[in-house]
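These are my notes on backbone angles and on one pair of packed helices. I began with the helix pair and then turned to the loops.

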Amino acid sequence: MSLVYIGFAPHPPLAIPQVGRGEEAGCRLTLTGMETLAKAFCDSGAEILCVVSPHTPCDGETLTFLEEIAGRLEGDMGAFNAGDVGFSLETVPEILEDLRELGGRGVQARLDHGVMVPLYFLERAGWHGRLVVVAAPQVWAKVSPRVWGERIARILEALPQRCGIIASGDLSHRLKEDGPYGFHPSGPRFDELIVQGLRTEPDILVSLPEILVEEAGQCGYASLLLALGARMGACRIFSYEGPFGVGYLTAELYRSSPVAGYAKACLCQYIEGRGIDSVEVPGDPLLEKESACFVTLHKEGDLRGCIGTIKPVRSSLADEIRHNTVSAAVQDSRFRPVEAEELPLISVSVDVLGDLEEVSDVADLDPHAYGVVVRSLGRSGLLLPRLSGVDTVEEQVAIARQKAGIMSGEDIEMWRFQADRYFE
């Protein structure tokens, strides 16, 4: 796929040394987080960058995008007394035309700080490419930011170039009395929900109460929802802090992986009737190791198949993935076999399992951190960690029991395990 990376970045102007003039030292965690995010973005090989900025002109009812002025997108930090920090980049006309056809509206304006602050760190990390800038509509618009994220992802995935998205936004501006908007209890609560949600279950972030969002005084929620709509992956928090009364969050929301890409290639080769053994194994060292894994198929967000192994039974993870991918596609008894016309709509993820660790108390379980295996009289059931809708240990164990056919009153043995999840 062409969409290879999605991140979330704050945009405090003082993070740029020429603006901060020493004050940037007050947000060291953010500086480190931005540098980590920029390096990860560069490592993804993305040639086209789409920045979602809340400060790009927008009427709130539909997505807007920046059109070229004199052939380029340009801006500088002159409004923050640092006019020598400037940017000039080419855009991607074919993306803008696709956005226009979908109902987006073009505007002519210079780059704003919501774009330029992340761009400063990206260019310093060595990124050079073409730029698309969009502003998400308000969260409760007729066509939501999340839907626009899905639309943008489809546009980017159709391109031959590798593409990435950076959602720019600050969290609550109401964390301290001496902050920009003073203090409000909803400020810290909003930030806590965002950070915890990204760590455990991003799905819950799409339905935060409207009053909470308004009282928090934030400018990043719509950008975040657009990014999550484009693709949900295994989120990593690089930094969070609120030193000046404003919440600064830096996070990786999605990164494509050759591990899951290999599974998708195996799926396509098999369903299309071509030789699956001819699929080239990527050069990732992880694929050479013996590891258990589960391969999960989703079709337009809904489960379409999931098969795996609790312990490795083949000589390499690549072999394990190849076998489990085919099984998930045609042997999961809950679904009919996958057909060729479905392939463009199917996404694949791979969970690589760690070692099983026996536990004697449910207090040692955590559905957001560990998967669980339950056993009784030769029957066993497994549930992966970080599954949407599974929020408590009780729910996790009950579902694992159900999968194994173990009644609630029967004694069980339990094991927990960690799993690394990889996405296309």
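I took contact to mean heavy atoms within 4.5 Å. The model I consulted is a predicted one.

Entry 1, the helix pair. I asked which residues of α3 meet which residues of α5. From α3 I noted I95, D98 and L99, and opposite them in α5 I found W148, I152, I155 and L156. I then sorted this contact by class and recorded 6 nonpolar residues, 1 charged residue and no polar ones.

Entry 2, the geometry of that pair. Two packed helices are described by the angle and the distance between their axes. I looked up α3 (residues 93–101) and α5 (residues 145–157): their axes come within 10 Å and cross at roughly 140°. Angles over 145 degrees would count as roughly antiparallel, and α3 and α5 are therefore oblique to each other. I entered the crossing of α3 past α5 as right-handed.

Entry 3, phi angles. Most residues other than glycine have a negative phi. I looked up two residues with a positive value. N81, not a glycine, has a phi of about 60°. I located N81 in the loop between β4 (73–77) and β5 (82–89). Is N81 buried or exposed? Its relative accessibility is 63%, so I entered N81 as exposed, the cut-off being over 50%.

R386, also not a glycine, has a positive phi of about 55°. I placed R386 in the loop that runs between β16 (379–383) and α11 (393–404). Because its relative accessibility is 25%, I listed R386 as partly exposed.

Methods: Residues are numbered from 1 along each chain as its sequence is written. This is a predicted model: local features need pLDDT of at least 70, side-chain atom pairs count only at pLDDT 80 or more; totals for chains, interfaces and linings use all residues. Side-chain values use heavy atoms; hydrogens and water are left out. Helices (H or I, at least four residues) and strands (E, at least two) are DSSP runs, numbered from the N terminus. Buried means under 20% relative accessible area, exposed over 50%, partly exposed in between (1.4 Å probe, protein chains only). Axes are lines fitted to C-alpha atoms, for helices over the stretch in contact, and angles run from 0 to 180 degrees between N-to-C directions. Angles under 35 degrees count as roughly parallel, over 145 as roughly antiparallel, 65 to 115 as roughly perpendicular and the rest as oblique. A crossing is left-handed if the near helix is turned anticlockwise from the far one by less than a right angle, and right-handed if clockwise. Ala, Val, Leu, Ile, Met, Phe, Trp, Tyr, Cys and Pro count as nonpolar, Asp, Glu, Lys and Arg as charged, and the others, Gly among them, as polar.
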